[in-house]
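Here is a look at how some helices cross one another, followed by a visit to a pocket. Keep the structure open while you read.

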Amino acid sequence: MRSIRRMRLSTTIHRFDRLQHMLSDAPCRATLFRSDKKFRDAFVSECSRLMSDVEVLSLDIFDTLLFRDTSSELTRFHEVADHIAQIVREETGRKVTAEDALVARHLGTLATYRTSTPISGCREGSLTEIYQTASFILTGSNELTPRFIEAEIKYECQRLERNDLLLQQANEFREQGGTVILVTDMYMHCLLYTSPSPRDRTR
């Protein structure tokens, strides 16, 4: 009979006061990472110090590895809805407005978050389910679901900027034998990943 020794994990909290103040005060974080030499030097120094002692680096994707622009979430949703409405008009001839599409997407969001299976007590939505519901509301079928998803992802990609400074640190960490894990609470799931190579997905 084998005995199993449980691994005890400890958590060490590190403070980033100086960097945090600079991030909080910056009107645009992307600009800070891109061109503020004082911040960039301090960031690289902190990364080198902390990552020298760990084997795994986990990074959030949105607003960390990828920056959104400064537009509000409501603005983005409304502009996506305009694209969705245009698709419906082109494919069905129905006189659908951006407001109609925005409401349909909102109802789809409510449905997927309320009916998804809880995991560790949390419910996570699905972009596919959101647009299946929206497609049924707007057209009476789910046939336009793939077009709606494609339109939103294409729109979001145009609003994103890669954080090259952080990506450089992650690549150097991997080259030294470390493991990099990308995490997100977004509802796009595997739709985000189109490259067959995990290494390519970080470049």
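## Helices that cross

Helix 4 and helix 6 make a right-handed crossing. On the helix 4 side, the contact is made by Val 80, Ile 84, Val 88 and Thr 92, and on the helix 6 side by Tyr 131, Leu 138 and Thr 139. Sort those residues by class and you get 5 nonpolar, 2 polar and no charged. Bear in mind that you're looking at a predicted model.

How do the angles and distances compare on paper? The table sets out three helix pairs, with the angle and the axis distance for each.

| Helix pair | Angle | Axis distance |
|---|---|---|
| Helix 4 (residues 73–92) and helix 6 (residues 127–139) | about 50° | 11 Å |
| Helix 4 and helix 5 (residues 98–115) | roughly 110° | within 7 Å |
| Helix 6 and helix 7 (residues 145–158) | about 120° | 8 Å |

Now put words to those angles. Helix 4 packs against helix 6 at about 50°. That angle makes helix 4 oblique to helix 6. The axes of helix 4 and helix 5 cross at roughly 110°, so these two helices are roughly perpendicular to each other. For helix 6 and helix 7 the angle is about 120°, and therefore helix 6 is oblique to helix 7.

Which residues bring helix 4 and helix 5 together? From helix 4 come Phe 77, His 78, Ala 81, Asp 82, Ile 84 and Ala 85, while helix 5 offers Ala 98, Glu 99, Ala 101, Leu 102 and Arg 105. This contact has 7 nonpolar residues, 1 polar and 3 charged.

Helix 6 also has a right-handed crossing with helix 7. Look for Leu 127, Thr 128, Tyr 131, Gln 132, Ala 134, Ser 135 and Leu 138 in helix 6, which meet Thr 145, Phe 148, Ile 149, Glu 152 and Ile 153 in helix 7. Here the split is 7 nonpolar, 4 polar and 1 charged.

## The largest pocket

Time to move on to the pocket. The largest one holds about 760 Å³ of space. It is lined by 25 residues, and the closest to its centre are Phe 16, Phe 43, Cys 47, Leu 50 and Leu 59.

Where does the lining come from? Helix 1 (17–25), helix 2 (29–35), helix 3 (37–51) and strand 1 (56–60) each chip in with at least two residues. Helix 3 gives the largest share of the lining, with 6 residues. As for class, the lining of this pocket has 14 nonpolar, 5 polar and 6 charged residues.

Terms used:
Residues numbered from 1 in each chain as written. Predicted model: local features only at pLDDT ≥ 70, side-chain atom pairs only at ≥ 80, totals over all residues. Heavy atoms only, no water. 1 Å grid on protein atoms, 1.4 Å probe; cavity = no way out; pocket = protein on both sides within 12 Å on 5 of 7 lines; lining within 4 Å. Points joined across faces, edges and corners; volume = space filled by probe spheres on them. Helix = DSSP H or I, 4+ residues; strand = E, 2+ residues; numbered from the N terminus. Nonpolar A, V, L, I, M, F, W, Y, C, P; charged D, E, K, R; others polar. Axes fitted to C-alpha atoms, helices over the stretch in contact; angles between N-to-C directions. Parallel < 35°, antiparallel > 145°, perpendicular 65-115°, else oblique. Left-handed = near helix turned anticlockwise from the far one by under 90°. Contact = heavy atoms within 4.5 Å.
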